[in-house]
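Work through the exercises below with the sequence and the model at hand. Each task is followed by a solution in steps.

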Amino acid sequence: MSNSSPNVESLYNKSLNQFCDSMNEEILQNVLKWLPPSISLQMIWKILRVNDGCEKFVYNHMLKDSEISSINRGREIAQMSLQNSGYVAPVSYRQMSSETHEGFATIQQTKFVDCFNFSNYFNLTLFSKLVDVTNYRSQLFTIFQICVQIKGFKFPQHLADEWIQIEIEDDNDNINVHHIEQGLKLGFFLGDAGWFNECALVLSHTYKIITTKWVCLDRNLELVKIIQCLTKWLLVVSNYHNFDEAKIVLQHMLQTIDIIEKIEGRTLCIAYAYVAVSQYYYVLMEFNEAWSWAVKAVYELRDKSADILKLLVISHAIRVCSVLNKLSTAKKLINQLHTYEKEIDQNIYVDMLLNEACYSLKADLAKDSINSYYIALDSRRNLFGYYNLHTAIVFVDYAYARYVCDYSTTDFNEAMRSILQGIFIMEKIGLPNDNMLLVNAGRIKALILEEKALDIMDRGIDIYIHEGIRDLQADGIKRLLERMKKNMLNEAEALHLKALKVSLQAVGVKALLTAKSYCNLGRLYQSQEKYTQSEQMHLKAIEIKESILGKDNPEVALSLGHLASLYTYQLKKYRDAEELYLRSKTIYETTYGRQYTGLLYDFQGLVEVYRELNNTEKLNQYNENIFRFHETREAWLHQVHTAVDENCTKDDLSLEKFKCILNECACDK
């Protein structure tokens, strides 16, 4: 009805409201059975009185006021703000009991009224009817989550099982085609709705039907269904960090891509399949390979490709080139996307916003990055509910971003509240203890714990020990703070060791995810004053990274800097430290240029080394380098942030322009 005149629209809504006012359970059953899908879905939405019909939960990226409201709501969620006597107060880390979590979750859950037992009738048949209503997809996500709230977290699994257990006739092509379409729609929806494992089960079964039971005379149609199935399947198992299954799906995907690419004069666009492969490597931290596939996806686009596909492909490229510190390229792609003035589906827009947040974080735009995460938290909660993996993942990603942003202030309270919420949700909805998403969340919690532990002595002494405190009392307070510090570091160690164990089981020794765990343990053991173990962990991380990436990769430089720090500040191996810092510096300058943030830590380390070695000339040189670094980076970032590309045209997703940006071309296209 969106194209109708206001009067017709108003009359239509008035009729729907009157119908809903006379609703009872018997009428509802007939509505669900006989009325068209679009009308049925709208009536379900009205009778459930979702959030009491309040529009304050609706985010529209086209409206500035809506953006500000969403940021404020997201901030309240991240800070776990509770209404206390008419004002909002954030919950402190010390108050984070399970009761606090449960109470806050209850407040955040979608509000509804199920007077007519609607959830009893939401089965596979009704879903298959409603899923075709694409212009009300956001409402269907929320309605589905309401059914989860009523029926429990196993409801998506039961729906998947119900479809998988349907017996089909091997020799009936029409039935097979219908079942394949139903499987793809169910699988895609479950994946989009945040139920990754259930999505993978459905798509795995669908792929089996396509490749073993369907006798399709149209080879192109068969390849379309195969690539559609594999693309979503690879995306969800990668994002769920199920790497055993992802490896298998990847092999099927690469074989299918190879077949399609060899079709002479092909018209089938498989850009999103390339994005899925890119995302697989991105999750494994193999960023150069991820970038190769992301670029390939851009070049695969056609002028006639749907706008949404173009937006998704370019947005993914922004995330990958940001993590590779290709910030100028990322910014140009962002500027070009921002010329698109049409309304975008809320879920897709939030995906794009999260990718842009990666750029903002790397480009020292902390406020922009944080606000993007606030909007994402608010939108994910509104669409999918608080108890949802999409919501949990945003909490975890935001916690890490906040940890990075707050590193200089040592105020990690909001990062801690966010990571605890992410872990709480993942555990509540049933993620296994060895799931790498959950384990990674624990790893980020360990990073935050370590920083809070290191800060606890200085901050605690400032708070509790002041003039008038007796020496005996002060000693007691110091012992208490030392014990708190030790306990926090021990908890962090347990989390890092678990991450290492699960990583070894999931991806093996020769993997960057495993190297990250060794790297984290190296830093933690340094904080625990276990210097021999720290050195061993850092050397192991360097060995793995060099074996995968070569000796001159920035990831290797990161670990070189960590080991150099240990040699400088604890083991007093100044010559060894100097060699490592200089090697790290060379890698960063060669790869990223003189404006990369990692250089600052190398310069600071070298200043300390040359101070201890009484090398005044080098000491002065690197003090000067630090001063110049801040000037250079500030000027470079200003140029990146303020650069105006006169070739950006309004509302134009020009593929030639995107290709020029990727090629760093200065032509006038």
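**Exercise 1.** Which residues have the most contacts inside the largest nonpolar core?

Solution. The model is a predicted one. Its largest nonpolar core has 187 residues, and F118, F122, L234 and I419 have the most contacts inside it. Next, take the helices: α21 (residues 436-464) gives the most to this core, with 12 residues. Then take F118 and leave out residues up to four places away in sequence; F118 touches L28, L32, I44, L48, L126, I143 and C147. A second core, separate from the largest, has 27 residues, among them V609, L619, I626 and F629.

**Exercise 2.** Classify the ring pair of F127 and F189 as stacked, tilted or edge-to-face, and place both residues in the chain.

Solution. A pair of aromatic rings is described by the distance of the centres and the angle of the planes. Step one is the distance: the ring centres of F127 and F189 are 5.1 Å apart, and a pair requires centres within 6.5 Å. Step two is the angle: the planes stand at 65°, and because angles over 60 degrees count as edge-to-face, the pair is edge-to-face. Step three is the position: F127 is in helix α6 (residues 124-130) and F189 in helix α9 (residues 173-192), 62 residues apart, so the pair links distant parts of the chain. Both F127 and F189 are buried. They also belong to one aromatic cluster, together with F118, F122, F141, F144, F155 and F384. The model has 26 aromatic pairs by this rule.

**Exercise 3.** Do the same for Y373 and Y398, and decide whether each residue is buried or exposed.

Solution. The centres are 5.7 Å apart and the planes of Y373 and Y398 make 45°, which gives a tilted pair. Y373 lies in helix α18 (residues 366-384) and Y398 in helix α19 (residues 389-405); the two are 25 residues apart, and the pair links distant parts of the chain. For burial, the cut-off is under 20% relative accessible area. Y373 has 6% relative accessibility and therefore counts as buried. Y398 has 0%, so Y398 is buried too.

**Exercise 4.** Where is V509 found, and which residues does V509 touch?

Solution. Start with the location: V509 is in the loop between α22 (471-507) and α23 (512-527). Its relative accessible area is 42%, so V509 is partly exposed. Leaving out residues up to four places away in sequence, V509 touches L504, T514, K540 and I544. Finally, compare sequence and space for V509 and I544: they are 35 residues apart in sequence, with 7.7 Å from C-alpha to C-alpha.

Definitions and conventions:
Residues numbered from 1 in each chain as written. Predicted model: local features only at pLDDT ≥ 70, side-chain atom pairs only at ≥ 80, totals over all residues. Heavy atoms only, no water. Phe/Tyr/Trp six-rings, centres within 6.5 Å; stacked < 30°, edge-to-face > 60°. Helix = DSSP H or I, 4+ residues; strand = E, 2+ residues; numbered from the N terminus. Buried < 20%, exposed > 50% of the residue type's maximum accessible area, 1.4 Å probe, protein only. Contact = heavy atoms within 4.5 Å. Core = buried A, V, L, I, M, F, W, Y, C linked by side-chain atoms within 4.5 Å.
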